[in-house]
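This report describes side-chain packing, aromatic pairs, surface patches and charged contacts in one protein model. The sequence and structure are shown first.

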Amino acid sequence: GIVQAKAAYDLLLDEGCAAGGDSPSPLSSDSVGGCDQYVNTNPTSSPTPFSCGGDSTIRLELLTDNWPAETTWNFTVDETEELLASGGPYFSQGVLYTHLACMDPADGCVTFTINDSYGDGI
């Protein structure tokens, strides 16, 4: 259902864990929530930085227009037509998306293709 976050926060702040009353039986033996849920005190590890090793990095910065769901793109190696990376469709207007891909310079030239599925331009 819909939770009114501010009201729920205020209720817990005022009354603590007892605010919700008795907890119903868990849906399964492993489901425990509320004040009885497991709290992991270990921080989440940092994401691994993007690296291409000895390869070259291709960086695409794409700012979506008013019709982001129409936009897709790809990078392909010319000689082999190997797909290096692709993206889209998108869902938010006016958002700058950054994409990174790796390419081996020995593979030669790479072609960038951007598509507008409606065909009226990007």
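## Contacts of M103

The model discussed here is predicted. Apart from its neighbours within four places in sequence, M103 is in contact with D55, S56, I58, L84, G108 and V110.

## The largest nonpolar core

M103 also belongs to the largest nonpolar core, which has nine residues in all. The other members are I58, L60, L62, W73, F75, A85, Y90 and A101. Three strands, β1 (56-63), β2 (71-77) and β4 (96-103), each supply at least two residues of this core. The greatest contribution comes from β1, with three residues. I58 thus appears both among the core residues and among the contacts of M103.

## Aromatic pairs and the cluster

The count of aromatic pairs comes to three. In one of them, W73 and F75 are arranged edge-to-face, at 5.5 Å centre to centre and with 70° between the planes. Both of these residues are buried.

F75 also pairs with F112: the ring centres are 5.1 Å apart and the planes stand at 40°, so this pair is tilted. The pair links distant parts of the chain, since F75 lies in strand β2 and F112 in strand β5, 37 residues apart. W73, F75 and F112 together form one aromatic cluster.

The two partners of the tilted pair fall into separate classes of accessibility. F75 has a relative accessibility of 9% and therefore counts as buried, buried being under 20%. F112, at 37% relative accessibility, counts as partly exposed, because that class covers values between 20% and 50%.

## A nonpolar surface patch

F112 is also part of a nonpolar patch on the surface, which it forms with I114 and I122. Together the three residues have about 270 Å² of accessible area. I114 lies in strand β5 (residues 110-116) and is partly exposed, with a relative accessible area of 36%. F112 therefore has a place both in this patch and in the aromatic cluster with W73 and F75.

## The salt bridge

How many salt bridges does the model contain? The count comes to one. The side chains of R59 and E61 form this salt bridge, with an N to O distance of 2.9 Å.

Are R59 and E61 exposed or partly exposed? R59 has 54% relative accessibility and so counts as exposed, the limit for that class being over 50%. E61, at 45% relative accessibility, counts as partly exposed.

Methods: Residues are numbered from 1 along each chain as its sequence is written. This is a predicted model: local features need pLDDT of at least 70, side-chain atom pairs count only at pLDDT 80 or more; totals for chains, interfaces and linings use all residues. Side-chain values use heavy atoms; hydrogens and water are left out. A nonpolar core is a set of buried Ala, Val, Leu, Ile, Met, Phe, Trp, Tyr and Cys residues joined through side-chain atoms within 4.5 Å. Buried means under 20% relative accessible area, exposed over 50%, partly exposed in between (1.4 Å probe, protein chains only). Helices (H or I, at least four residues) and strands (E, at least two) are DSSP runs, numbered from the N terminus. Contact means heavy atoms within 4.5 Å. Patches are made of residues with over 30% relative accessible area and no salt bridge: like charges are joined within 9 Å, nonpolar side chains (Val, Leu, Ile, Met, Phe, Trp, Tyr) within 5 Å. Accessible areas come from the Shrake-Rupley method with a 1.4 Å probe; for residues, only the protein chains shown count as cover. A salt bridge is a side-chain nitrogen of Lys or Arg within 4 Å of a carboxyl oxygen of Asp or Glu. Rings of Phe, Tyr and Trp (its six-membered ring) pair if their centres lie within 6.5 Å; planes under 30 degrees apart count as stacked, over 60 as edge-to-face and the rest as tilted.
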